[in-house]
Amino acid sequence: MYKVISLILFILVYKFSYSETIIRFSHVVSVDSPKGIAVEKFKTELEKISSGRLKVLIYPEGTLFDDIPVIEALKKNIVQMAAPSFSKFSDKIRDFQVFDIPFLFNNIKDIHNFYNSKAISILNRETENFGLKILDFWDNDFKHITCSKRLIKKPEDLKGLKVRTMGSNILNAQFKIVGAMPYTYPFGSLKHILEEGLIDCQENTFNNIYSQKLYNSQKYLTVSSHGYLGYAVVISKKFWESLSGEEKKLIMEALKKTTAYERELAQRKNFTDFFRLSHNSNLYVYKLSEEEKVYWITFFKRHKNLFLNYLSSEMAKEIQEMGLY
Ligand code: LMR
């Protein structure tokens, strides 16, 4: 009898001290992109500080889910974490489109200040209501336009061209205004649709353009910095609420270190990849002059109300009160 009780106690203690919590982290970019490397770092940090009790399984390059379906999968707790780009949330949580308004932010400092603003409390609340929790924000960089058919110097040059977008109403409106035809495709198909010539142009960061080898199918790159591509690191609310206070603390601790690293890496990689695109690819790289940039900004500013109407009135009011728009 004594032996049986000891055995049961041993099994319980063993199970308790070695029980693992699995976090499935899904993403769509390449493993050597800033986001891909950051997810690996997060895994290493978290497994180290939790002594292996919190285990992260990574599904990169869209192997499990594309960015838009992953949002529903997170809600259902099929996967626990992801870091989709802001535009991908917009179908479910429309205020994420605030990041898609052309020329709303001038530089990365504006973006980081925005992460600490009241506008983010609105986004946090809306995201929780949907069934996810925002844990942090990661950077990629500002977006630029590539095309296969012609060089884009002014917005009107896009007229009649088919452009791949990441899918928000604001991004689609941005291209409709100039007379282009926006089509939404997942990141995983981007390279192929361009290679097949189904689509003429797309907008992305230097890093995504380089890592996806888009220079093989695109001829022209316009350095426009017209919009920002960043990521919300989100966790399933259902999963988050099942964690202990200690587990939540460890996740936040690992994430804090990862975010600092990721943001620095994103800047470095985009800088290097711009150099590579300019010097080691066949792309014709065109930098907008100051006057041309002013023309682009003024052009899109004329459609301010159209863009604001895609946001909730609370978010629209907030960004105007902040003096951003
Ligand atoms: C895209 O779809 O082009 C990007 O959102 C991919 C990414 O995650 O950077």
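Tutor: A polar contact is a pair of N or O atoms within 3.5 Å; within protein, one must be able to donate a hydrogen and the other to accept it, and residues adjacent in sequence count only if both atoms are side-chain atoms. This model is predicted, with pLDDT of at least 70 needed for local features and 80 or more for side-chain atom pairs, while totals for chains, interfaces and linings use all residues. Residues are numbered from 1 along each chain, and side-chain values use heavy atoms, without hydrogens or water.

Student: What makes Lys 35 and the ligand a polar contact?

Tutor: A polar side-chain atom of Lys 35 is 2.8 Å from a ligand oxygen atom, and the limit is 3.5 Å, so the pair counts. For Lys 88 the distance to an oxygen atom of the ligand is 2.7 Å. For a side-chain N or O atom of Tyr 231 it is 2.5 Å.

Student: How much of the ligand does the protein cover?

Tutor: The protein covers 100% of the 270 Å² of accessible area that the ligand has on its own (Shrake-Rupley method, 1.4 Å probe).

Student: Which residues around the ligand are the closest?

Tutor: Of the 13 residues that surround the ligand, the closest are Lys 35, Ser 85, Lys 88, Arg 164 and Tyr 231 (a heavy atom within 4 Å).

Student: Why is the link of Cys 147 and Cys 201 called a disulfide?

Tutor: Their sulfur atoms are 2.1 Å apart, and the rule asks for cysteine sulfur atoms within 2.5 Å, so the name applies. The count by this rule is one disulfide.

Student: What does the pair tie together?

Tutor: Cys 147 is in strand E4 (residues 132-147) and Cys 201 in strand E7 (residues 201-204), so the pair joins parts 54 residues apart in sequence (strands are DSSP runs of at least two residues, numbered from the N terminus).

Definitions and conventions:
Helix = DSSP H or I, 4+ residues; strand = E, 2+ residues; numbered from the N terminus.
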